[in-house]
Amino acid sequence: MRERALPIRAAVPVALAAAGLLLTGCGTTPAPVAPAGTAAPKAGAPEAGVPKAAATLGGPGTACALPVAFALAERWEPEAIDDPENPEFAALTRQGPAVVRCEVDAKGAGHVGYLRIWTAGKGPARAALEGFVKAERKTSKVAYRETGAGSLPATEVTYTVSNELMEESKEERAFAVSTPKGVVIVHLGGLDTDEHRAMIPAYELAKSTLKAL
């Protein structure tokens with residue numbers, strides 16, 4: 001089985017693009033990013049409409065075995081994380097109560113970024129999402145709201161992450177749902193805020209089509 005490295009949240013974009021997480025496929029991992037950041041919808045409003053759905057992720061026979069399934073935008077490429085429970089890689093594969101299970105690379109669609117899907121134990125979606133965000137460094141403008149993901153109730157968060165070495169801040173966002181198999185967190189990342197905002201339509205496609213399995 002081939003291994004890939006998952007980008008670590010670090011200071012230099014080049015280092016981030018080269019760093020990595022263990023994935024079951026091959027290719028390069030996009031630099032870590034920032035999901036959208038403020039509570040107001042305009043802060044991360046996508047500039048384009050919802051993209052065309054090209055495939056479904058999460059169900060039988062798909063790249064990642066997940067407690068949920070949702071539609072993927074065209075040319076977004078999913079890869080399962082290899083051995084995410086291994087404590088040796090906890091710094092890369094865990095964030096708060098969540099373990100990363102899958103990464104969907106946006107490079108083929110012309111963006112430097114990704115969707116990452118994380119799972120946590122059974123319980124309230126908001127509590128897991130709050131723990132996920134608190135484990136992130138240098139956050140500000142954190143805002144939660146109750147929303148929906150497909151037919152499921154969901155909690156969504158937007159926030160800003162500051163990178164002192166790069167002297168910049170980036171927007172980030174994620175949503176969480178509670179399923180019979182545990183909480184699922186879908187997190188949108190990108191190289192910078194502009195890349196992040198350009199990818200929001202693909203994130204919204206995933207959110208609007210999500211269903212529990």
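Visitor: Is A69 buried or exposed?

Guide: Start with the scale. Buried means under 20% relative accessible area, exposed means over 50%, and partly exposed lies in between, with a 1.4 Å probe and protein chains only. A69 has 3% relative accessibility, so A69 counts as buried. This is a predicted model: local features need pLDDT of at least 70, side-chain atom pairs count only at pLDDT 80 or more, and totals for chains, interfaces and linings use all residues. Residues are numbered from 1 along each chain as its sequence is written, and side-chain values use heavy atoms, with hydrogens and water left out.

Visitor: Which residues does A69 touch?

Guide: Contact means heavy atoms within 4.5 Å. Leaving out residues up to four places away in sequence, A69 touches T56, L57, G58, G59, T209, L210, K211 and L213. Look also at A69 and K207: they are 138 residues apart in sequence, and their C-alpha atoms are 10.0 Å apart in space.

Visitor: Where is A69 found?

Guide: Helices (H or I, at least four residues) and strands (E, at least two) are DSSP runs, numbered from the N terminus. A69 is in strand 2. The chain has 5 helices and 11 strands.

Visitor: In what order do the 3 strands of the open sheet stand?

Guide: Two strands pair if DSSP finds at least two bridges between them. Here the order is 1-2-11, with antiparallel pairing. Strand 1 (53-57) and strand 11 (211-212) are at the edges with a single partner strand each, so one side of each has no neighbour in the sheet. Strand 1 and strand 2 (residues 68-73) are joined by 4 bridges. One residue to find is L57, whose bridge partner in strand 2 is F70.

Visitor: Which helix packs on the sheet?

Guide: Helix 5 (residues 200-209) does, touching strand 1, strand 2 and strand 11. For directions, axes are lines fitted to C-alpha atoms, for helices over the stretch in contact, and angles run from 0 to 180 degrees between N-to-C directions. The direction of helix 5 makes about 145 degrees with that of strand 2.

Visitor: How many aromatic pairs are there?

Guide: A pair of aromatic rings is described by the distance of the centres and the angle of the planes. Rings of Phe, Tyr and Trp (its six-membered ring) pair if their centres lie within 6.5 Å; planes under 30 degrees apart count as stacked, over 60 as edge-to-face and the rest as tilted. By this rule there are 2 aromatic pairs. W118 and F132 have ring centres 5.2 Å apart and planes at 70 degrees, so this pair is edge-to-face. W118 is in strand 6 (residues 113-120) and F132 in helix 3 (residues 125-134), 14 residues apart. Both W118 and F132 are buried.

F175 and Y203 are edge-to-face too, at 5.6 Å centre to centre and 70 degrees between the planes. F175 is in strand 9 (residues 168-179) and Y203 in helix 5, so the pair ties together parts 28 residues apart in sequence. F175 counts as buried, at 0% relative accessibility. Y203 is buried, with a relative accessible area of 0%.

Visitor: What is the phi of R75?

Guide: Most residues other than glycine have a negative phi. R75 is not glycine, yet its phi is positive, near 65 degrees. R75 is in the loop between strand 2 and strand 3 (77-80). R75 is exposed, with a relative accessible area of 52%.
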